[in-house]
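Biologist: Got a minute to go through a model with me? I'd like to hear how you back up the labels you put on it.

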Amino acid sequence: MRIAIVVNLTKKKAIRCAAQIIADMQSAGAEVLMPPDCAERFANSGAAFSDSLEQLFELADMAVTVGGDGTIIHAAKYAACTDTPLIGVNVGRLGFAADVEVDEIIGDLKNLLSGSYYTEQRLLLDVTVQKAGEEKHFLAVNDAVVTHGTLSKIVDFTLFLNGEEISKYRADGLLFSTPTGSTAYSLSAGGPILAPQMECILMTPVCPHSLFSRSVLFDVDSELGVTVKIPPGCGCVLSIDGEININIAEQDVVKVRRSRQHLTLLSVKKRNFYRKLNEKLKERELR
């Protein structure tokens, strides 16, 4: 079996943890593959190195990320394109999406090789930007938010459902989230917590200029559209998973719908999502 291991190389703890995982996987008979940026750091590990992240996920039977939720989200887009199952080891602060903590890696990850694990299908978003008659598509694991630029001015947003205008908002932004992303930016913006296995699209206004603007849940087959009216001297930006930023003009249209691709996450233990969430939020309060 070929196991891809993606590591956050900015964290020393992640590097040490990855070395242990490599040794455990190899002792259990697995072939370990790593992305090209790991070649120098893990040159003597016995791992093989791909030419690119795309190639890494094409070759792997399953993948392990070692870092925080950001590492999982970055890798998830490649995993979804190749339908490669993914599991995260958390060495960050919270790790809502990660399944395994550092102190659990010995023994737990070997369950992947014996087939003793559970799978979950997670919904992803297809985010389309229409500019001057051209369309660009982006994949969102957590969320996509249309918000004001560097100047903090309130923007007027028009929201469309399946091509029909349904509402207008004055706010700092409109945030569209997957159920997986409901515990990320959407939660900070006052949105509800959703079980990650749900199939729906969550829209949350960011700092709305109204007492009555609330989050809205849309059917999973909905196509949502957004246009903006931007105050003079201000800009507008579409941010996808906090990784990609695209400038948005008044004539542009942003569309959000369910992606045809999905993310398969692995779990080595049956866990109660709400209990795990409670524990993570308590950890946040103590830090």
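**A bent helix and a buried aspartate**

Modeller: Sure. Keep in mind that this is a predicted model. Helix α3 bends by about 35° at alanine 76.

Biologist: What makes that a bend of 35° at alanine 76?

Modeller: One axis is fitted to the seven residues ending at a position and another to the seven starting there, and the bend is the angle between them. At alanine 76 in α3 that angle comes to about 35°.

Biologist: How do you know what span to expect for α3, residues 69-82?

Modeller: The rule is 1.5 Å times one less than the number of residues. α3 has 14 residues and reaches 20 Å from first C-alpha to last, close to the 20 Å expected. Right after α3 comes aspartate 83, with a positive phi near 55°.

Biologist: Which residues of α3 are buried?

Modeller: Among them are Asp69, Ile72, Ala76 and Lys77. Buried means under 20% relative accessible area.

Biologist: Why does aspartate 143 have no salt bridge?

Modeller: A salt bridge needs a Lys or Arg side-chain nitrogen within 4 Å of a carboxyl oxygen. For aspartate 143, which is buried, the nearest side chain of opposite charge is lysine 77, 8.4 Å away. Aspartate 143 lies in strand β9, and its contacts beyond four places in sequence include Phe176, Tyr185 and Asp241.

Biologist: What makes the chain, with its 7 helices and 18 strands, count as compact?

Modeller: Its radius of gyration is 20 Å, close to the 19 Å from the globule rule for 287 residues, so the chain is as compact as a globular protein of that length.

Conventions: Residues numbered from 1 in each chain as written. Predicted model: local features only at pLDDT ≥ 70, side-chain atom pairs only at ≥ 80, totals over all residues. Heavy atoms only, no water. Helix = DSSP H or I, 4+ residues; strand = E, 2+ residues; numbered from the N terminus. Buried < 20%, exposed > 50% of the residue type's maximum accessible area, 1.4 Å probe, protein only. Lys, Arg positive; Asp, Glu negative; His and termini not counted. Contact = heavy atoms within 4.5 Å. Rg over C-alpha atoms; globule rule 2.2 N^0.38 Å.
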